[in-house]
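Welcome! Below is a set of short exercises, each followed by a worked solution. Have a look at the structure, then try each task before reading on.

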Amino acid sequence: MLDLTRQYETIKDDVHAAIERVLTTQHFIGGPELEGFESESASYLGVKESVGCASGTDACWLALAAAGVGREACVITTPFSFFATVSSIVRCGATPILADIDPATLNLDPGATERALHRGRSFKLRVVMPVHLYGQCANMDRLARLAEQYDASLVEDAAQAFGAKWRDKKAGALGKAAAFSFYPTKNLSAYGDGGCVTTNDEELAAHVRRLRNHGSRHRYYHEEIGWNSRLDAMQAAVLRVKLKHIDDWNQVRRMRARRYQGLFINSGLVQGGEQLVSAQAPIALLATMPEAYHIYHQYVVRAFRRDELRTFLTQQGIGTEIYYPVPLHLQECFTYLAYRAGDLPESERASTEVLALPMFPELREDEQQRVVAAIAEFYGR
Ligand SMILES: Cc1ncc(COP(=O)(O)O)c(C=O)c1O
């Protein structure tokens, strides 16, 4: 599914030098490596501020909290995401309102978002939190228009989308604030946990800096209750090395995605543009919006008899993943939100059909051919 050793081999010397820099200075928390990463990532993303923190989960919470999300707020988001998207809303004390996804891209559907905004009109503060799923930005033109119309703000969950763009702007620069994750499987990854919040609002950034440091501006003086959520210097040093390669890596991911697309079309497993899978057309490819620069953090298809296919591929030594097998509105811990099976049908259907295939820049052509050939074999083609 993902072989990180191949990437490591190509950057080993620079990574070792960066870690040695930290060891030589013995400056592990804050300091020049963190500041360097924050200013370099901000400049790469085209935002005024990037604030490092301990994980993408914390970044979601910090971005929302600093955007003013608390008990009197509702946050509209997708149920077809990683758990942290919704848990961070709950952690702020706010009410999540879940809206269904567009079956073509699996991103938050603007029509459903509008209905959710209408439901949330009695809340004092409304936030829309799109997730740029698998590395493709949600429809930011329509979501920005809706945010304006309903007096809501946009906070991006860009955990899967470092370097992705909507038109000429990068993810992370498309709303009031954004959250990124540097979890080891992410397209820009640390050697452990890490994350950051980005924004063009200097006050909001200062608030995130306080919240990640126990709500404190000056040591031992606390204006509010924050958390310990810092990006340590070792991870920042590694991320600075990797940041230099991210454009190349993302570009290669796009080439790998195009190659999968070509292989699937030639295999006869897909029927162009169709989002329904069947015995005749057992694989459906997801759509890419023309405005989106998709960085393919994951390469995901819909598959007929998905679970059986996955077992077959595992037996062939081919790694796959399911992002996500249970949509968030049906998670046990969210039963109090009172959603029922059938409420968000596209998210529910996607959870039974999606399959993520091996995808990383160092993936070889013969390996991709093997993946598609094994899928064709499973369906008897
Ligand atoms: C969409 C999304 N949001 C939030 C997170 C949380 O990030 P982390 O695992 O770094 O806490 C992830 C990563 O797993 C994610 O994919």
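## Exercise 1: Unusual backbone spots

Tyrosine 324 sits in the loop between H10 and helix H11 (345–353); helices (H or I, at least four residues) and strands (E, at least two) are DSSP runs, numbered from the N terminus. This is a predicted model, in which local features need pLDDT of at least 70 and side-chain atom pairs count only at pLDDT 80 or more, while totals for chains, interfaces and linings use all residues. Residues are numbered from 1 along each chain as its sequence is written, and side-chain values use heavy atoms, with hydrogens and water left out.

**Task.** Describe the peptide bond from tyrosine 323 to tyrosine 324, then describe phi and accessibility for tyrosine 134 and aspartate 151.

**Solution.**
- Step 1. Start with the background: most residues other than glycine have a negative phi, and most peptide bonds are trans.
- Step 2. The bond from tyrosine 323 to tyrosine 324 is cis, and its omega is near 20°.
- Step 3. Tyrosine 134 belongs to the loop between S4 and H6, and its phi is positive, near 60°.
- Step 4. With a relative accessible area of 2%, tyrosine 134 is buried. Here buried means under 20% relative accessible area, exposed over 50%, and partly exposed in between (1.4 Å probe, protein chains only).
- Step 5. Aspartate 151 is in the loop between H6 and strand S5 (152–157). Its phi is also positive, about 50°.
- Step 6. Aspartate 151 is exposed, because its relative accessible area is 59%.

## Exercise 2: Two helix pairs

**Task.** Work out how H10 and H12 are oriented to each other, and then how H5 and H6 are.

**Solution.**
- Step 1. Two packed helices are described by the angle between their axes and the distance between the axes. The axes are lines fitted to C-alpha atoms, for helices over the stretch in contact, and angles run from 0 to 180 degrees between N-to-C directions.
- Step 2. Helix H10 (residues 306–315) packs against helix H12 (residues 365–378) at about 125°, and their axes are 10 Å apart. H10 is therefore oblique to H12. The cut-offs are under 35 degrees for roughly parallel, over 145 for roughly antiparallel, 65 to 115 for roughly perpendicular, and oblique for the rest.
- Step 3. H10 and H12 cross in the right-handed sense. A crossing is right-handed if the near helix is turned clockwise from the far one by less than a right angle, and left-handed if anticlockwise.
- Step 4. From H10, Glu308, Leu309, Phe312 and Leu313 meet Val371, Ala374, Ile375, Glu377 and Phe378 of H12, where contact means heavy atoms within 4.5 Å. By class, the contact of H10 with H12 has 7 nonpolar, no polar and 2 charged residues. Ala, Val, Leu, Ile, Met, Phe, Trp, Tyr, Cys and Pro count as nonpolar, Asp, Glu, Lys and Arg as charged, and the others, Gly among them, as polar.
- Step 5. Now take helix H5 (residues 110–119) and helix H6 (residues 140–149): their axes come within 10 Å and cross at roughly 15°. That angle makes H5 roughly parallel to H6.
- Step 6. Pro110, Gly111, Thr113, Glu114 and Leu117 of H5 make the contact with Arg142, Leu143, Leu146 and Gln149 of H6. The residues of this contact of H5 with H6 comprise 4 nonpolar, 3 polar and 2 charged.

## Exercise 3: Strands and their partners

**Task.** Find how S14 and S15 pair, and give the strand order of the open sheet that includes S6.

**Solution.**
- Step 1. Two strands pair if DSSP finds at least two bridges between them.
- Step 2. Strand S14 (residues 299–303) pairs with S15 in the antiparallel sense over 4 bridges. Arginine 302 is opposite valine 354 in S15.
- Step 3. In a regular strand the side chains alternate between the two faces of the sheet. For strand S15 (residues 354–357), Val354 and Ala356 on one side and Leu355 and Leu357 on the other are all buried.
- Step 4. The open sheet has 3 strands in the order S7-S6-S13, with antiparallel pairing. Its edge strands, each pairing on one side only, are strand S7 (169–170) and strand S13 (292–293).
- Step 5. Strand S6 (residues 165–166) is joined to S7 by 2 bridges, and lysine 165 has lysine 170 of S7 as its bridge partner.

## Exercise 4: A buried valine

**Task.** Is valine 128 buried or exposed, and which residues does valine 128 touch?

**Solution.**
- Step 1. Valine 128 is part of strand S4 (residues 125–129).
- Step 2. Its relative accessible area is 0%, so valine 128 is buried.
- Step 3. Not counting residues up to four places away in sequence, valine 128 touches Ile76, Leu108, Thr113, Leu117, Ala152, Ser153, Leu154 and Val155.
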